[in-house]
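The exercises below go with the sequence and structure shown here. Try each task on the model before reading its solution.

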Amino acid sequence: MADNIKVCPEGAVKDASGHVPERVKRAEWKKPFFDRQKCNGCGVCLDVCPTGCISLGAPDRRDHHACPRVIDFKNCIGCGFCALECPVDAIEMDLLSVVEEKMIKEAVQRDKSMKWTLKKIGYRAFQKVMKLASKIIPFPIPVLLTGPGSVMMLAQNIKARGIKHVLVVTDKVLMDLKLPDGFLASLKEHGVAYTVFDDVQANPTIENVEAGRKIYRQNKCRAIVGFGGGSPMDCAKIIGARIRNPYLSVRMMKGLFRVIIPIPPFFCVPTTAGTGSETTVVAVITDAGNHFKFAINDIKLVPKIAVLDPELMKGLPPQITSTTGMDALTHAVEAYINLSGNSFTDENAENAVRLIFENLEKAYLDGSDMEARNNMALASFYAGIAFTRAYVGYVHAIAHNMGGLYGVPHGLANAVILPYVLDFCRKASEKRLARLAVAGGIGTHGEPEEELSYRFIEKIKTMNKNMKIPTGIEPLKKSDIPLIAVRALKEAHPLYPVPVFMTHRVCEEIVGKLLV
Amino acid sequence: MSEKHVAGLNLEKYNRKPVRKSEGSMKEKGYMGKILNVDLTTGDIREEELPDRVYEKYLGGMGLGAYILYNRIPADADPLGPDNLLGFLPGLLTGTGSLFTGRWMVVGKSPLTGGWGDANCGGNFSPAIKRCGYDGIFFTGISEKPVYLYIDDKVKELRDASDVWGMDAVETEEFLEKKEARGDKKPKVACIGTAGESISLISGISTDKGRIAARSGLGAVMGAKRLKAVVLAGKQRIVPHDRQEMKRISRICNNWVRFQPPFVSGPLTALFGAIMRLLPVAFTMDGLLYKIMLKKWGTVSMNQMSPEMGDSPIKNWKGSSRDWGFMKSYSSNPDVFTQCETIKYHCYSCPLGCGGICTTDDKYGKTHKPEYETVLALGGFCMNHDVKTIFYLNEVLNRAGMDTISAGHAIAFAMECYEEGLITREDTDGLELTWGNSEAIVALVEKMVRREGFGHILADGVKQAVERIGKGSEKFAVHAGGQEPGMHDSRNDPGYALHYSVEPTPGRHTLGSHMYYEMYQLWKVVKGIPKIPPMYRKSSKYRDIDKQAQIGVVNSKYMTLINCVGACMFGVFLGAKRIRIFDWINGATGWELTPDQYMEKAADIHSLKQAFNIKHGIDPKKAKLSDRALGRPLQNKGANKGRSIDIEAMMKRYWEAFGWDSDTGRPSDGQIQKIIADV
């Protein structure tokens with residue numbers, strides 16, 4: 001008679017001689033361990049499990065199949081049917097503690113495998129090539145118009161270029177606040193006709209782009225103005241790309257240098273200080289079909305003129321001031337610790353960090369502080385210059401997925417994730433973080449680097465706390481974590497020259513910390 | 001606790017012995033030895049033990065179904081009446097530790113063709129039937145009110161289904177899973193959607209929220225019996241004869257499946273297709289290459305390749321690869337589907353996992369990854385290149401439980417009628433049925449599912465639609481004996497033409513073709529069958545009719561065997577040496593037979609299906625595929641330019657090779673007597 005009758009939860013099974021065997025203690029029930037090397041995801045164990053405690057889990061593209069796992073070891077009665085019926089003998093039964101040990105051991109082993117090492121070498125080679133290429137590629141820097149009221153000068157500049165009709169891309173919130181009114185009036189004054197396209201969502205989608213493109217063509221516009229936060233500016237960039245490249249769909253432009261024909265004259269008026277979109281080569285867009293956020297990178301997307309007008313940012317609520325400011329800080333920090341930086345990007349990033357440390361909390365407390373606002377706008381611009389050449393890192397890779405899946409504002413997601421990722425890569429980029437701490441004015445040369453780097457991360461955490469930024473992401477679901485990890489790593493590898501690579505397991509751990 | 005308790009260490013002990021006393025009658029032969037007969041008219045549920053010799057003769061699955069149905073359905077039975085039988089059958093190998101063997105069968109007299117009807121489906125339902133202790137559940141009679149059958153280890157009863165009647169397939173499944181759940185273990189549900197309830201002749205039976213046994217119109221039979229669902233929660237064990245042997249063979253198979261080199265990007269598959277089209281010679285296809293594509297993308301990997309090589313019918317079989325070129329098919333390139341795939345989906349005991357769950361932005365939010373057949377039937381076949389509508393329609397048709405291939409054919413047929421002026425805007429309720437009008441396609445499918453207005457005319461397939469429209473529209477309707485053929489062009493591969501026309505279930509793309517034969521590599525294990533050279537001229541396929549007929553016979557036999565054991569075609573494509581079906585059957589049952597003997601058994605089962613058709617008054621000659629799909633008239637452009645098939649001669653040779661009458665396709669009375677007498 002089989003031994004597994006001893007674990008029948010109801011004690012109802014009798015052996016051949018008719019007596020109920022002594023029950024085994026719950027703590028001593030053996031649990032299944034799934035050997036990923038042998039498993040093929042056939043799902044036989046799911047079917048034979050009498051308690052239904054095995055699940056096939058999320059997709060794992062590394063294996064090209066889903067691997068089963070026990071949802072809750074409490075429900076497993078240790079009957080061993082799965083181990084018995086597994087066609088390829090991939091399941092071993094063992095005590096719970098041993099199983100957990102094996103799981104950790106296997107995960108670590110996977111991280112050390114030769115395949116992963118080779119991949120890392122491949123990524124670094126790619127990044128090296130990109131670094132060399134970035135020396136050749138002429139990254140344009142937009143003409144800057146700064147200071148209070150500078151937005152009025154933009155109309156004049158547009159007119160000077162002989163443009164008769166512009167498309168102003170903005171969003172409904174700004175239109176309700178009547179923020180663009182002054183700018184639109186000045187356009188009228190200079191005899192430049194305009195059409196407003198304000199149907200841009202918080203995370204712009206491909207549908208928004210197509211709608212904007214339709215309006216551009218209907219009204220025979222000749223130039224585009226992106227007016228607002230990151231969303232309208234990014235949307236405006238992609239509208240421009242689509243107008244000149246009608247044969248390329250938005251999905252086809254995903255990646256590096258896929259925009260073939262330069263976009264129409266493009267001007268940026270940021271109303272938040274954070275995205276840096278007014279100077280970068282990147283535009284981020286969401287595919288509503290699968291909630292996948294992706295980036296289009298091309299030097300043709302850099303605007304001709306960027307206007308940094310602190311007056312436009314006066315009415316910004318403190319919540320948005322803080323998160324967009326932290327977004328700019330994330331750009332600066334990630335660009336600085338990345339391996340593709342050079343002296344030019346380092347200088348810009350240091351400037352940005354200094355300005356943000358000095359001014360962000362001031363602007364948060366007092367929105368009408370013009371000097372702080374202006375400095376924040378400049379910081380965002382500098383950070384933009386830095387990261388468009390030296391790229392961003394894992395913070396952005398994860399934050400993009402939070403935006404794509406749950407619509408979490410990009411700045412907020414960045415602010416929340418930044419300290420966790422810095423904790424992870426602190427050791428590898430200790431030197432750089434220490435230098436940033438000195439540049440930010442929270443330390444002096446000569447102090448131990450370790451201490452400085454810790455102080456830098458602590459400073460970010462305090463800033464978050466002071467500005468009431470939470471430590472986790474509320475809508476995050478536990479079941480989505482593997483998916484987020486897969487997508488984030490897909491985005492980061494091999495493009496982002498991060499200081500130290502993250503494996504799938506570590507990424508899952510870090511995303512797991514964001515659970516509220 | 002003693003070390004012996006550890007199940008993993010003590011395998012041999014319960015390999016041979018039944019676990020519970022109540023299961024003492026259970027056989028250690030991979031099958032359960034019983035079937036369940038349910039009379040829906042009287043509510044009578046009766047177990048029936050089958051002797052071993054039935055299994056030795058008919059194996060299980062489709063073979064068992066053929067045996068029961070041939071003997072028990074009277075000759076003049078109405079397919080939608082009480083005399084028809086509807087059987088749910090797992091495969092012989094399901095649950096025995098073999099891989100790729102998780103498919104189940106529905107059998108019955110088809111209302112669509114009037115003859116033998118079967119439909120095959122994956123998912124997780126197949127082992128559930130066996131775990132209830134049965135090798136088949138057969139329904140007869142008609143219930144007064146809607147019911148569903150519930151089975152677990154203690155209870156077998158028909159329960160009232162009036163509260164789920166009217167729900168779609170996904171809602172029904174969710175409702176019943178919740179209602180009948182015991183702890184964490186959910187029961188397995190097979191049910192019909194709204195199309196089956198409204199007795200649409202192209203409806204199927206759905207399981208796992210969107211996998212459908214769709215062909216032959218058996219959902220209509222279930223709907224006519226007012227049987228909404230079958231809910232199974234049995235926990236009995238399936239014990240093979242020699243588990244270690246089963247595992248040994250499974251490991252061989254598994255090693256081949258795990259071999260997965262990195263592969264090209266999706267749109268590049270179109271290039272392969274174009275090369276295959278342009279070369280005058282064809283290379284023998286190896287299933288391993290197809291497996292790599294299946295594992296990476298699923299069946300959608302063929303979306304661009306297939307039209308390029310001329311394997312996909314375009315524009316209601318009228319168009320060609322020229323009409324559906326690279327740029328038009330680009331919108332449905334394989335990468336589009338994997339990008340929105342959030343969960344990988346495996347059927348039971350499948351190491352390949354070609355399925356997936358995709359997130360969409362329509363009102364349903366997610367859908368099963370559309371199959372190649374669906375994408376082409378609703379895409380290139382109607383010239384629709386809006387891939388979003390395909391995702392949406394996939395879910396709409398899944399929920400209704402309607403066959404996507406037949407629905408695509410019906411729509412394309414209506415479009416051509418509209419183009420030729422046979423129907424006008426008034427007939428179509430104001431829909432502009434021009435080629436590629438995706439909005440009209442969506443509106444029409446929604447009408448078909450609800451049987452509203454013009455949708456009612458198309459909701460029973462093209463053969464019924466021709467009768468309802470008239471006006472000489474039959475020349476635009478492509479079907480074989482009432483069943484719409486699959487999305488593989490018979491002009492590109494004469495094997496498809498033969499199997500569409502000559503099988504007891506006509507119009508089915510899963511039964512055989514020249515390419516399938518190449519991938520089976522059966523000549524390595526079965527004696528006396530034609531071998532395909534590594535490279536051959538394409539035109540030889542059209543000239544050598546004798547060889548084509550021989551290949552067709554082997555295909556039919558092998559596929560019958562595959563359906564008997566419940567294996568998946570995509571697994572079998574790996575080749576007979578890599579996936580050893582014959583060895584698995586021996587290991588599971590303890591029989592010691594050679595592959596040739598199994599092929600003979602399969603031939604008998606195939607003959608029995610043909611005899612079923614003859615008994616029910618089907619003329620095998622009339623099941624011939626419509627002329628347009630045979631290259632009559634010849635196409636003047638595209639991949640299949642100037643190709644036509646001499647199907648009449650091929651059918652005759654095929655019947656001859658089976659030993660049937662070469663003029664009428666009837667097995668002789670002596671043959672049939674011999675097949676059914678031994679049992």
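**Overview**

Chain A contains 18 helices and 13 strands. The model is a predicted one. The C-alpha trace of chain A spans about 100 × 60 × 40 Å along its principal axes, and 50% of the 516 residues of chain A count as buried. Among contacts in chain A between residues at least 6 apart in sequence, 76% join residues at least 24 apart.

**Exercise 1. A sheet in chain A**

Task: Find the order of the strands in the open sheet of six strands in chain A, and name its edge strands.

Solution:
- Step 1. Reading across the sheet gives the order S5-S13-S10-S8-S6-S7 in chain A, and the pairing is parallel.
- Step 2. Strands S5 (143–146) and S7 (193–197) of chain A each pair on one side only, and these are the edge strands.
- Step 3. From one strand to the next, the twist averages 20°.
- Step 4. At the S5 edge, S5(A) runs parallel to strand S13 (residues 305–308) of chain A, and four bridges join them. A:Leu145 has A:Val307 in S13(A) as its bridge partner.
- Step 5. Helix H9 (residues 230–244) of chain A lies across strands S6 (165–169), S8 (223–228) and S10 (266–270) of chain A, and runs at about 165° to S8(A).

**Exercise 2. One residue and its surroundings**

Task: Decide whether A:Leu154 is buried or exposed, and list its contacts beyond its neighbours within four places in sequence.

Solution:
- Step 1. Locate the residue: A:Leu154 is in helix H5 (residues 151–160) of chain A.
- Step 2. Count its surroundings: 24 other C-beta atoms lie within 10 Å of A:Leu154. Burial requires 20 or more, so A:Leu154 is buried.
- Step 3. Leaving aside neighbours within four places in sequence, the contacts of A:Leu154 are A:Leu145, A:Phe183, A:Phe267, A:Val269, A:Ile305 and A:Val307. Two of these names, A:Leu145 and A:Val307, are bridge partners from Exercise 1.
- Step 4. Take A:Phe267 as an example: A:Leu154 and A:Phe267 are 113 residues apart in sequence, and their C-alpha atoms are 8.4 Å apart in space.

**Exercise 3. A covered strand in chain B**

Task: Work out which residues of strand S6 (residues 137–140) of chain B lie on each face, and which strands pair with S6(B).

Solution:
- Step 1. In a regular strand, side chains alternate between the two faces of the sheet.
- Step 2. In S6(B), B:Ile137 and B:Phe139 are on one side, with B:Phe138 and B:Thr140 on the other. These residues are all buried, and both faces of S6(B) are covered.
- Step 3. Strand S1 (residues 34–39) of chain B runs parallel to S6(B) and is joined to it by four bridges. The bridge partner of B:Asn37 in S6(B) is B:Phe138.
- Step 4. Strand S3 (residues 86–90) of chain B pairs with S6(B) in the antiparallel sense, over three bridges. Here B:Phe88 stands opposite B:Ile137 of S6(B).

**Exercise 4. A helix with two sides**

Task: Explain why the buried residues of helix H9 of chain B are on the same side, and describe how H9(B) packs with H11(B).

Solution:
- Step 1. In helix H9 (residues 269–278) of chain B, the buried residues are B:Thr269, B:Ala270, B:Gly273 and B:Met276.
- Step 2. These residues are on the same side of H9(B) because they cover an arc of only 120° around the axis.
- Step 3. B:Ile275 and B:Leu278, on the other side of H9(B), are exposed.
- Step 4. The buried residues of H9(B) pack against helices H11 (302–309), H12 (326–329) and H13 (334–339) of chain B.
- Step 5. The axes of H9(B) and H11(B) are 7 Å apart, and the helices pack at an angle of about 20°. The two helices are therefore roughly parallel, and their crossing is right-handed.

**Exercise 5. Unusual backbone geometry**

Task: Where is the cis peptide bond that involves A:Pro494, and is B:Lys209 buried or exposed?

Solution:
- Step 1. Most residues other than glycine have a negative phi, and most peptide bonds are trans.
- Step 2. The cis bond joins A:His493 and A:Pro494, with omega about 0°. A:Pro494 lies in the loop between helices H17 (481–492) and H18 (504–513) of chain A.
- Step 3. B:Lys209 is not a glycine, yet its phi is positive, about 55°. B:Lys209 has 21 C-beta neighbours inside 10 Å and so counts as buried.

Methods
Residues are numbered from 1 along each chain as its sequence is written. Chains are lettered from A and ligands numbered from 1 in the order in which they are written. This is a predicted model: local features need pLDDT of at least 70, side-chain atom pairs count only at pLDDT 80 or more; totals for chains, interfaces and linings use all residues. Two strands pair if DSSP finds at least two bridges between them. Axes are lines fitted to C-alpha atoms, for helices over the stretch in contact, and angles run from 0 to 180 degrees between N-to-C directions. Two residues are in contact if their C-beta atoms, placed from the backbone, lie within 7 Å. A residue is buried if 20 or more other C-beta atoms lie within 10 Å of its own, exposed if 12 or fewer, and partly exposed in between; C-beta atoms are placed from the backbone. The arc is that of the directions from the helix axis to the C-beta atoms. Angles under 35 degrees count as roughly parallel, over 145 as roughly antiparallel, 65 to 115 as roughly perpendicular and the rest as oblique. A crossing is left-handed if the near helix is turned anticlockwise from the far one by less than a right angle, and right-handed if clockwise.
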